[in-house]
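User: Please take me through the terms used for this model. For each label I want the value and the cut-off behind it.

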Amino acid sequence: MKLSSPMHKAGLACLTLAALLSLAACTPRQMIVDNLADALSAQGAGGEKDLELLRDAAPFHLKLSESILRQNPGHRPLAESVAAGFTQYAYAFVAFEADRVEVRDARAAERLRARAARLYERAQRHAMRALESAAPGFGAALAAGDEGRRPTLSRERVGLAYWAAAAWGGWISLSKDDPDVVADLPLAVRLAQLAWAADPDWGQGALTGLLGSFEAARPGGSPALALARFDQAIAQSAGRSAGPLLGKAEGHALPAGDRALFEQLLRQALAIREGADSPLATENEVMRQRAAWLLDKADDLF
């Protein structure tokens with residue numbers, strides 16, 4: 001899963017809010033909301049490696065962004081930022097924590113996974129609402145499953161579709177006891193396919209890797225096609241992103257029982273080093289921590 005820009009330092013967001021609100025006396029309210037939406041969607045923490053700082057700062061930024069989005073629901077960049085932020089937070093700080101605590105506290109892990117599922121759902125709904133706002137009838141056409149009626153995506157909406165599909169996949173994976181949620185897996189896959197048709201290189205392999213994960217997870221999926229997607233995602237990342245390597249390790253090597261390949265991929269992920277202020281720094285740090293944890297658990301997994 002791609003992790004990128006939506007988690008921010010609370011102090012910077014506060015300063016932005018204060019500066020914009022100071023214009024209230026002489027500026028129409030909608031202009032203030034628009035300016036704040038622009039500022040919130042543009043801020044980024046992709047180069048931040050201090051994950052504890054991001055974990056602590058993210059809730060404030062997400063709540064602020066979400067409240068502004070409700071006042072400006074047609075702001076596509078902010079909708080994408082909010083959907084990405086909730087998805088990233090659920091993956092990096094809630095679902096992963098559930099995996100880590102499960103051995104010593106199964107009930108805590110269950111509570112964390114339930115919370116992660118709610119956060120994924122929240123992200124998915126924000127992204128789908130934005131897609132529907134940009135193209136009324138989008139959701140109905142997606143659900144129809146008819147090639148003749150299937151919606152199309154412009155390149156500018158691929159990011160929204162990616163985060164909607166990624167969040168949907170996370171929500172489904174944590175909702176095995178809810179058949180209504182699980183039944184939507186084909187829709188999530190279809191949405192990712194639409195995005196890939198519009199821009200197959202989006203996210204330096206993130207979108208292609210998501211398709212690989214979906215293919216590996218869906219009933220009747222093709223392991224060969226999933227492997228091809230994972231390898232394509234790794235090639236698209238050009239050695240800069242650890243995400244596609246983790247995707248192949250967990251989506252192909254682990255279910256195939258190939259421990260040697262599993263460990264090789266994880267070590268490759270651990271070895272990735274990005275330059276100063278790289279936009280992939282946050283994503284790679286999350287993935288390196290997960291790779292190290294998976295290596296420690298290899299005896300239990302195989």
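User: Where is Ala-238 found?

Analyst: Ala-238 is in the loop between helix H11 (223–237) and helix H12 (243–256). Helices here are DSSP runs of H or I with at least four residues, strands are runs of E with at least two, and both are numbered from the N terminus. This is a predicted model, in which local features need pLDDT of at least 70 and side-chain atom pairs count only at pLDDT 80 or more, while totals for chains, interfaces and linings use all residues. Residues are numbered from 1 along each chain as its sequence is written, and side-chain values use heavy atoms, leaving out hydrogens and water.

User: Why is Ala-238 called partly exposed?

Analyst: Buried means under 20% relative accessible area, exposed means over 50%, and partly exposed is in between, with a 1.4 Å probe and protein chains only. Ala-238 has a relative accessible area of 47%, so it is partly exposed.

User: What makes the phi of Ala-238 worth listing?

Analyst: Its sign: Ala-238 has a positive phi of about 55° although it is not a glycine. Most residues other than glycine have a negative phi. Gln-204 is another residue other than glycine with a positive phi, near 50°. Gln-204 sits in the loop between helix H9 (185–198) and helix H10 (206–217), and at 29% relative accessibility it counts as partly exposed.

User: How do you know that H10 is largely enclosed by the rest of the structure?

Analyst: Nine of its twelve residues are buried, and therefore H10 is described as largely enclosed. The buried ones are Ala-206, Leu-207, Thr-208, Gly-209, Leu-210, Leu-211, Gly-212, Phe-214 and Glu-215. The length of H10 also agrees with expectation, because its end C-alpha atoms are 16 Å apart and the twelve residues should span 16 Å at 1.5 Å a residue. The expected span is 1.5 Å times one less than the number of residues.

User: What does the same check give for H14?

Analyst: H14 (residues 281–296) has 16 residues and reaches 23 Å from first C-alpha to last, close to the 22 Å expected. Since 13 of those 16 residues are buried, H14 is also described as largely enclosed by the rest of the structure.

User: Why is the contact between Lys-63 and Glu-66 called a salt bridge?

Analyst: A salt bridge is a side-chain nitrogen of Lys or Arg within 4 Å of a carboxyl oxygen of Asp or Glu. For Lys-63 and Glu-66 the N to O distance is 3.6 Å, so the pair meets that rule. Both residues lie in helix H3 (residues 51–71), three residues apart, about one turn of the helix. An α-helix has 3.6 residues a turn, so residues three or four places apart point the same way.

User: Which other residue forms a salt bridge with Glu-66?

Analyst: Arg-70, at 3.7 Å, N to O. Glu-66 and Arg-70 are four residues apart in helix H3. Glu-66 is buried at 1% relative accessibility, whereas Lys-63 is partly exposed at 46% and Arg-70 is exposed at 56%.

User: What makes Arg-218 and Glu-215 a salt bridge?

Analyst: Their closest N and O atoms are 3.1 Å apart, which is within 4 Å, so the definition is met. Glu-215 is buried at 9%, and Arg-218 is partly exposed at 31%.

User: How many salt bridges are there by this rule?

Analyst: The count is 19. Some are joined up: Asp-99, Glu-102, Arg-113, Glu-250 and Arg-290 are linked in a network.

User: Which residues form the negative surface patch, and what makes it a patch?

Analyst: The residues are Glu-110, Asp-177, Asp-178 and Asp-180. Patch residues must have over 30% relative accessible area and no salt bridge, and like charges are joined within 9 Å. The label is negative because Asp and Glu count as negative, with Lys and Arg positive and His and the chain ends not counted. Asp-177 has a relative accessible area of 78%, so it is exposed, and it lies in the loop between helix H7 (158–173) and helix H8 (179–182).

User: Is Ser-175, in the loop between H7 and H8, buried or exposed?

Analyst: Ser-175 is buried, because its relative accessible area is 9%. Its C-alpha is 8.2 Å from that of Ala-114, with their positions 61 residues apart in sequence.

How values were computed
Patches are made of residues with over 30% relative accessible area and no salt bridge: like charges are joined within 9 Å, nonpolar side chains (Val, Leu, Ile, Met, Phe, Trp, Tyr) within 5 Å. Accessible areas come from the Shrake-Rupley method with a 1.4 Å probe; for residues, only the protein chains shown count as cover. The place of a charge is taken as NZ of Lys, CZ of Arg, CG of Asp or CD of Glu.
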